[in-house]
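Please find below some notes on the model, set out as numbered points. They begin with a single residue and widen from there to the sheet, the core and the loops.

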Amino acid sequence: QVQLVESGGGLVQAGGSLRLSCAASGLGFTLYHMGWFRQAPGKERESVAGITRSGALTYYADAMAGRFTISRDNAKNTVFLQMNSLKPEDTAVYYCAADRASLAYGSRWSREDEYDYWGQGTQVTVSS
């Protein structure tokens, strides 16, 4: 049974930082590219960042580039999202997702339908 469990969300003031974690179990973690998505109230889910299964390549949505950093620890089956300079508009539920090693990941990482498994999400609230 595949499980992706996010943690690290919470309430933070604008300009602050949070580090999200996503612990994976029940799958061969190194066979999967990993992504982070988010969904704000009343909005569609959007892509945040993606990382290849080796961690060699990372991808970011334009709004997060330079502020967010995705990384992974394959020995611990965990992917991270370091979020700095947070803004109120970053308030959302953040989800991690696993993609079974697509060869076209670089061009498809931001697509929700690219991913095979999803976590339940963790709430991030940024106050002004």
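1. Leaving aside neighbours within four places in sequence, serine 21 is in contact with Val5, Glu6, Ser7, Trp36, Thr78, Val79 and Phe80, where contact means heavy atoms within 4.5 Å. Serine 21 belongs to strand 3; strands here are DSSP runs of E with at least two residues, numbered from the N terminus. With a relative accessibility of 19%, serine 21 counts as buried, the classes being buried under 20% relative accessible area, exposed over 50% and partly exposed in between, computed with a 1.4 Å probe on protein chains only.

2. On provenance, this is a predicted model, in which local features need pLDDT of at least 70 and side-chain atom pairs count only at pLDDT 80 or more, whereas totals for chains, interfaces and linings use all residues. Residues are numbered from 1 along each chain as its sequence is written, and side-chain values use heavy atoms, with hydrogens and water left out.

3. Strand 3 also takes part in an open sheet of four strands, which has the order 1-3-8-7 and antiparallel pairing; two strands are said to pair if DSSP finds at least two bridges between them. Strand 1 (3–7) and strand 7 stand at the edges of this sheet, each with a single partner strand, so one side of each has no neighbour in the sheet. Neighbouring strands of the sheet are turned against each other by 15° on average, direction ignored, with axes taken as lines fitted to C-alpha atoms and angles running from 0 to 180 degrees between N-to-C directions.

4. Within that sheet, strand 7 and strand 8 run antiparallel and are joined by six bridges. Serine 71 has phenylalanine 80 in strand 8 as its bridge partner, and phenylalanine 80 is also one of the residues in contact with serine 21.

5. The largest nonpolar core has 35 residues, and those with the most contacts inside it are Met34, Trp36, Leu81, Met83 and Tyr94. Such a core is a set of buried Ala, Val, Leu, Ile, Met, Phe, Trp, Tyr and Cys residues joined through side-chain atoms within 4.5 Å. At least two residues of this core come from each of several strands, including strand 3 (18–25), strand 4 (33–39), strand 8 (78–83) and strand 9 (92–99). Strand 9 gives the most to the core, with five residues.

6. How much of strand 4 is buried? Six of its seven residues are, so strand 4 is largely enclosed by the rest of the structure. Strand 4 runs antiparallel to strand 9, to which seven bridges join it, and arginine 38 stands opposite tyrosine 94 in strand 9. Strand 4 also pairs with strand 5 in the antiparallel sense, over five bridges, and here tryptophan 36 has alanine 49 in strand 5 as its bridge partner. Strand 4 and strand 5 form a hairpin with six residues between them, and glycine 42 in the turn has a positive phi of about 75°.

7. A search of the whole structure finds one disulfide, a term that denotes a pair of cysteine sulfur atoms within 2.5 Å. The disulfide joins cysteine 22 to cysteine 96, with an S to S distance of 1.9 Å. Cysteine 22 lies in strand 3 and cysteine 96 in strand 9, so the pair ties together parts that are 74 residues apart in sequence. The torsion about the S-S bond is about 45°, so the disulfide is right-handed, and both cysteine 22 and cysteine 96 are buried.

8. Among the loop residues, glycine 16 lies between strand 2 (10–13) and strand 3 and, at 18% relative accessibility, counts as buried. Leaving aside neighbours within four places in sequence, glycine 16 is in contact with Met83, Asn84, Ser85 and Leu86. Glycine 16 and leucine 86 are 70 residues apart in sequence, yet 5.5 Å apart in space, C-alpha to C-alpha.

9. Two backbone torsions may merit a reviewer's attention. Serine 85, in the loop between strand 8 and strand 9, has a phi near 50°, a positive value in a residue other than glycine, and is partly exposed with a relative accessible area of 42%. Asparagine 77, in the loop between strand 7 and strand 8, likewise has a positive phi, near 55°, in a residue other than glycine, and at 25% relative accessibility counts as partly exposed.
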